Amino acid sequence: MSTSVLSRPEGSTRSYPAYSRPLWRRVLFTREFAVIALLVAVIFYSNNNVPNFDGPLTFYYLFLDIAPILLIALPMTLVIITGEIDLSVASVVGLSSVLVAQLHVEAGLSIPVAGLIAILVGAVCGAFNGFLVAYVGLPSLAVTIGTLALYRGIAVGLLGTKAVTDFPEKWTDLAKERIVEGHAYPMILIPFVVLAIAFVLLLHFSPFGRGVFEIGLNDEAAHFTGVNVQRTKFLLFVLAGAVSAFAGIYYTLRFGSARGDNATGLELQVIAAVLLGGVSIFGGRGAIHGVIAGVILIGVISSAMRLESYTVNKINIVIGTLLVLSVISTSFLGWAKDLWSRRGRGSGPSSSEKNGQHRQAVAADESTNER
Amino acid sequence: MPGTAPEAAPSWALELRDVAKSFGAVVALRSGSLAVAPGSIHALVGENGAGKSTLVKIVAGVHRRDSGVVRLHGNDVDFGSTAESKSAGVAVIYQEPTLFPDLSVTENIFMGRQPVGRSRRIDRAAMYAEATGLFQRLGVAIDPRRPARGLSIADQQIIEIAKAISLDASVLVMDEPTAALSGVEVDRLFAVARSLRDEGRALVFISHRFDEVFALCDTVTVMRDGEYVSTDAVAETSVEQIVSRMVGREVAELFPKTPAEIGDVVLDVAGLSSTGTFHDISFNVRAGEIVGLAGLVGAGRSEIARAVFGVDGYDAGTVHLGGVAVPPQKPRAAIKAGMAFVPEDRRKQGLVTESSVARNVAGVIRGRLTHAGLLTSADENRAAGPWAGRLEVKTSALDMTATTMSGGNQQKVVLAKWLSTEPQLLIIDEPTRGIDVGTKAEVHRLLSDLAGEGLAILMISSELPEVLGMADRVIVVCEGRITAELSRADATPETVMHAATASVSHAVPASTQEVTA
């Protein structure tokens with residue numbers, strides 16, 4: 001750029017504040033914060049009202065159970081923010097579970113080597129999804145419904161209907177071990193926290209992450225701005241495959257059992273938690289901290305209700321209702337915000353803005369019709 | 001002559017008088033007047049944006065007029081929907097008809113009003129018989145049972161016309177019907193049009209091709225800037241006269257391109273071709289120079305620009321920037337080489353309207369703003385703020401989204417985004433479309449200043465005064481080919497319009513031919 005002809009502006013005529021709202025409003029008035037607040041409220045209520053909820057085992061088992069969802073929700077968040085979806089993740093969990101068993105028991109490989117190969121295969125599964133979606137241009141919903149069946153079929157085909165259970169105790173114990181003896185946090189939270197930090201940096205603090213949001217909001221404009229839309233989507237599907245495979249290894253060791261039908265239906269739990277955490281199914285909106293809160297919220301509600309001896313069906317009804325409400329709240333919040341701004345600023349500026357927008361829309365309509 | 005409406009007569013099939021239509025603050029039609037006699041083919045001509053399409057849409061019931069009079073056979077009408085205009089006997093045939101591709105030709109003709117026999121079942125036999133009759137009357141050979149998918153545009157138009165006749169439309173409006181037709185197809189369409197005229201129907205024919213206007217029509221109405229200009233019998237006028245009326249206005253001093261020192265060649269495009277879109281496009285742009293790409297809407301100008309920048313591919317040819325080859329279909333590489341591209345459609349392509357001003361402005365350069373690979377909002381704000389300030393973007397804060405901004409303000413955000421990359425070449429497609437007059441002048445002054453600083457600018461514009469006022473050199477594109485390259489001195493409204501409607505190239509004045517030869 002040494003030959004650039006344009007001077008960087010210095011002492012420009014106008015300067016702008018960085019933010020239109022004070023910090024507390026930017027933090028508090030978000031969907032993510034609403035989920036976190038609800039999570040804190042539910043934990044507080046359960047601690048006081050649900051017997052044994054504050055016991056030492058509740059959160060230990062809670063984390064053990066939701067760890068696969070927590071892990072897969074990270075790449076799934078990015079995939080959904082680009083406006084795509086990956087339904088094949090649970091099948092990759094199953095495939096990876098079977099692969100670890102076969103490579104360890106049949107081929108005699110050590111668990112770390114078998115696990116590494118399983119993660120590689122998971123990445124390849126994701127790459128296949130990503131290739132079809134990003135480069136061939138097929139809709140991800142259709143592609144991953146197909147690979148959901150395909151990968152699950154391969155998993156069951158490799159192992160049949162039997163289960164492999166002879167894993168070394170050293171590894172199955174590690175999967176259930178606590179970080180600090182006597183505390184509620186199991187070992188699996190260490191790789192999760194590492195991955196979560198990596199995904200936060202990738203999504204919220206990197207040029208790549210800005211591209212992810214732009215693709216979700218307007219992929220054509222992203223393309224015109226030089227974002228490599230295809231490569232971005234491809235990489236996200238690869239990440240989803242690899243992380244799902246890792247979750248599969250954990251799942252196998254935590255239950256000490258590898259089966260072809262492991263984690264069936266997990267993909268819907270992951271997507272439900274991601275959406276509850278404030279990610280828009282239409283893409284372009286969402287944040288990792290909201291998603292993590294969403295996953296934990298679902299986990300806390302289920303374990304609290306289980307301690308109160310509610311049946312799984314009733315738990316599902318509550319979580320389903322919560323999801324529907326969260327979807328409705330988005331449009332309700334939009335409506336309320338609109339009302340608020342109209343009342344706050346009077347009818348003048350707001351209505352002229354509306355006009356401006358309408359004019360733009362009409363002008364755009366005009367120009368396209370002109371051809 | 002300009003400004004006077006045609007004389008009133010009781011016998012007009014379609015009559016519009018001082019019809020006006022605005023969209024918000026944008027006036028699309030100031031005072032449109034048109035009077036079409038039954039048994040006549042009436043041409044409606046004018047530049048891009050002269051208000052022809054708006055006028056047609058008011059007649060068709062797509063838009064509702066703000067003021068003025070519309071009469072059909074002497075009766076005042078006010079269509080609120082296309083269904084109303086259809087039942088009143090007005091049919092509009094668009095350039096690209098929209099048929100249901102999987103239904104048969106006959107089903108398309110009778111869509112929504114299928115004849116029913118006993119027990120309310122659709123009487124297919126009656127439908128096919130009537131469709132066959134219609135095609136015989138029009139003298140065309142189309143199988144009424146075949147699906148509409150795969151029909152040529154010409155055949156699709158014939159089906160629209162058949163639909164209009166079956167509705168017994170007394171007024172047919174054809175909006176640029178010949179744009180996508182071959183010579184033989186045009187002849188067939190003309191034969192059909194003449195037979196409809198002889199049946200006593202009134203036809204309005206919109207076209208950019210003067211030879212067709214003169215071959216087919218008996219009367220011609222000229223529009224300019226949303227206003228009625230003149231109506232003449234075709235026999236009593238000439239191409240030159242009509243062209244001068246279409247463009248006849250002063251080039252306002254709204255476009256203050258100051259002379260800049262013209263430097264070396266920055267962009268060199270050679271032999272660029274893309275099948276069906278543009279052919280053998282070669283030109284260059286020098287530092288400090290504004291090159292205008294003129295032509296009618298749909299001539300392929302935007303497609304050329306998109307190919308040069310790499311958002312679209314091309315089949316043959318090369319693009320060099322500053323002597324270095326730019327690979328095809330790689331916008332990133334083009335940006336790296338020093339290209340900036342402000343696209344035609346701001347809201348869809350230019351910026352992410354739901355994203356903040358800071359993120360939009362820093363959108364291209366954000367890769368350079370990182371510290372150890374990490375990017376924070378503070379980095380973006382620091383980089384974006386000064387550029388937003390230099391372009392005087394109107395926003396209360398950098399985290400406001402561009403959703404509710406005016407077109408002019410959005411354009412400033414797009415320009416800030418691209419200028420922050422410190423480019424050598426700026427490609428700008430329709431720089432002032434949908435922008436108010438004040439901001440328009442600002443954009444023009446900015447482009448002029450940028451050229452003065454040595455930036456090479458390739459400007460696509462459908463507004464002739466803008467091209468003539470701003471460009472040091474005008475390249476005219478017609479139907480995917482360069483038909484003229486005019487120096488600032490040679491570029492007049494007439495020479496550009498003649499080259500842009502290349503089918504009348506035989507009538508191009510000597511001065512243009514010297515330049516192109």
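Here is a short chat about two sheets in chain B of a predicted model.

Residues count from 1 along each chain as written, chains are lettered from A and ligands numbered from 1 in written order. In this predicted model local features need pLDDT of at least 70, side-chain atom pairs count only at pLDDT 80 or more, totals for chains, interfaces and linings use all residues, and side-chain values use heavy atoms, leaving out hydrogens and water.

Trainee: Which strands stand at the edges of the four-strand sheet, each with a single partner strand?

Mentor: Strands here are DSSP runs of E, at least two residues, numbered from the N terminus, while helices are H or I runs of at least four. Two strands pair if DSSP finds at least two bridges between them. This open, antiparallel sheet of chain B runs E12-E11-E14-E15. One side of each edge strand has no neighbour in the sheet, because each has a single partner: these are E12(B) and E15(B).

Trainee: Which residue in E15(B) does Leu321(B) stand opposite?

Mentor: E14(B), residues 316–321, runs antiparallel to E15(B), and two bridges join them. Opposite Leu321(B) stands Val324(B).

Trainee: In the six-strand sheet, how many bridges pair E13(B) with E19(B)?

Mentor: That open sheet has mixed pairing, in the order E16-E17-E18-E13-E19-E20 (chain B). E13(B) and E19(B) pair in the parallel sense, and the bridges number five.

Trainee: At about what angle to E16(B) does helix H14(B) run?

Mentor: Axes are lines fitted to C-alpha atoms, for helices over the stretch in contact, with angles from 0 to 180 degrees between N-to-C directions; contact means heavy atoms within 4.5 Å. H14(B), residues 407–419, lies across E16(B) and E17(B), and its angle to E16(B) is about 170°.
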